[in-house]
Amino acid sequence: MSNHHLQTEIEINTSAERVWKTLTDFAAYPEWNPFIRFIRGIPEKGARLEVRIQASGTKGMVFRPTVLVAEAGQELRWLGRLLLPGIFTGEHSFVIQPLADRKVLFQHSELFRGVLVPLCAKALIGTLKEASMK
C-alpha cells in the first residue's frame, strides 16, 4: 500500500477561538475557500460530513468523510475513503497551535493511503497546490 503526505502552515495574527469559528462555519466556505465548495454536517467526533471539492476547470466530487477529531480551538480531522478500505483514503487535518496571545500557527495536512495513490498522486498534488495558491 502506498501513501503520500502534503502539509502547509501559516502564522495568523488572531486567537485560536476565531480560527476555530471560521474553520467550523461550514456555510461560509464558498465565500473564502476556492477548493472546498461546501461542507454540510456538524463538526463533532463520529459525525459524517458531506464535502464537495472542485478545483477550477474540473468537474469536482462529493465525498462523505467521518470526523475523527473535533477539539474546539485545537484540531479538526476527518477521514474519507473511496469505495473500500485500502483502495484510497484521505485523512484531512487542521491543527491550531497558539503561539502567543492572539497569534496561532495553523497547519493543514492531507495523508493519502491506498493502492490507487500512485495513480492519483501527481494529479491530486497539482490540484491541491493550484487551489492553495488562490
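**Figure 1. Arg-64 and its salt bridge to Glu-50.** In this predicted model, Arg-64 is partly exposed, with a relative accessible area of 49%. Its salt-bridge partner is Glu-50. The closest N and O atoms of the two residues are 3.5 Å apart. Glu-50 counts as partly exposed too, at 24% relative accessibility. Glu-50 belongs to strand 3 (residues 50–53), while Arg-64 sits in the loop between strand 4 (61–63) and strand 5 (66–71), so the salt bridge ties together parts that are 14 residues apart in sequence.

**Figure 2. A salt bridge between strand 8 and strand 1.** Six salt bridges turn up in a search of the whole structure. One of them pairs Lys-103 with Glu-11. Here the closest N and O atoms are 3.1 Å apart. Lys-103 lies in strand 8 (residues 103–114) and Glu-11 in strand 1 (residues 2–12), so this pair links parts that are 92 residues apart in sequence. Lys-103 is partly exposed, at 29% relative accessibility. Glu-11 is also partly exposed, with a relative accessible area of 48%.

**Figure 3. A network of salt bridges.** Which residues are linked in a network of salt bridges? They are Glu-75, Arg-77, Glu-91 and Arg-113. Within this group, Glu-91 forms a salt bridge with Arg-113, and their closest N and O atoms are 3.8 Å apart. Glu-91 lies in strand 7 (residues 88–100) and Arg-113 in strand 8, so the bridge ties together parts that are 22 residues apart in sequence. Is Glu-91 buried or exposed? Glu-91 counts as buried, at 15% relative accessibility, because buried means under 20%. Arg-113, at 29%, is partly exposed.

**Figure 4. The sheet of five strands.** This open sheet has the strand order 1-8-7-6-5. The pairing is antiparallel. Strand 1 and strand 5 stand at the edges with a single partner strand each, so one side of each has no neighbour in the sheet. From one strand to the next, the twist averages 10°. Strand 7 and strand 8 run antiparallel and are joined by 11 bridges. Pro-98 stands opposite Val-104 in strand 8. Helix 1 packs on this sheet. It touches strand 1, strand 5, strand 6, strand 7 and strand 8. The direction of helix 1 makes about 150° with that of strand 7.

**Figure 5. The sheet of three strands.** A second view shows an open sheet with the order 2-3-4 and antiparallel pairing. Which strands are at its edges? Strand 2 and strand 4 are the edge strands, and each pairs on one side only. Neighbouring strands of this sheet are turned by 15° against each other on average, direction ignored. Four bridges join strand 2 to strand 3, and these two strands run antiparallel. Ile-39 has Val-51 in strand 3 as its bridge partner.

**Figure 6. The largest nonpolar core.** In soluble globular proteins, nonpolar side chains tend to be buried together. The largest nonpolar core here has 22 residues. Ile-39, Val-51, Leu-76 and Trp-78 have the most contacts inside it. At least two core residues come from each of helix 1 (16–23), strand 2 (36–40), strand 3, strand 6 (75–82), strand 7 and strand 8. Which element gives the most to this core? Helix 1 does, with four residues. Now focus on Val-51. Leaving aside neighbours within four places in sequence, Val-51 is in contact with Ile-36, Phe-38, Ile-39, Met-61, Val-62, Phe-63, Pro-65 and Trp-78.

**Figure 7. Ala-55, a buried loop residue.** Where does Ala-55 lie? Ala-55 is in the loop between strand 3 and strand 4. Its relative accessibility is 5%, so Ala-55 counts as buried. Ala-55 and Ile-36 are 19 residues apart along the chain. Their C-alpha atoms are separated by 8.3 Å.

**Figure 8. Confidence in the predicted model.** The average pLDDT of the protein is 86. A score of at least 70 is reached by 87% of the residues. Which element has the lowest mean pLDDT? Helix 3 (residues 117–132) does, with a mean of 59. Strand 5 has the highest mean among the elements, at 98.

Note on methods:
Residues are numbered from 1 along each chain as its sequence is written. This is a predicted model: local features need pLDDT of at least 70, side-chain atom pairs count only at pLDDT 80 or more; totals for chains, interfaces and linings use all residues. Side-chain values use heavy atoms; hydrogens and water are left out. A salt bridge is a side-chain nitrogen of Lys or Arg within 4 Å of a carboxyl oxygen of Asp or Glu. Buried means under 20% relative accessible area, exposed over 50%, partly exposed in between (1.4 Å probe, protein chains only). A nonpolar core is a set of buried Ala, Val, Leu, Ile, Met, Phe, Trp, Tyr and Cys residues joined through side-chain atoms within 4.5 Å. Contact means heavy atoms within 4.5 Å. Two strands pair if DSSP finds at least two bridges between them. Axes are lines fitted to C-alpha atoms, for helices over the stretch in contact, and angles run from 0 to 180 degrees between N-to-C directions. pLDDT is the predictor's confidence in each residue, from 0 to 100.
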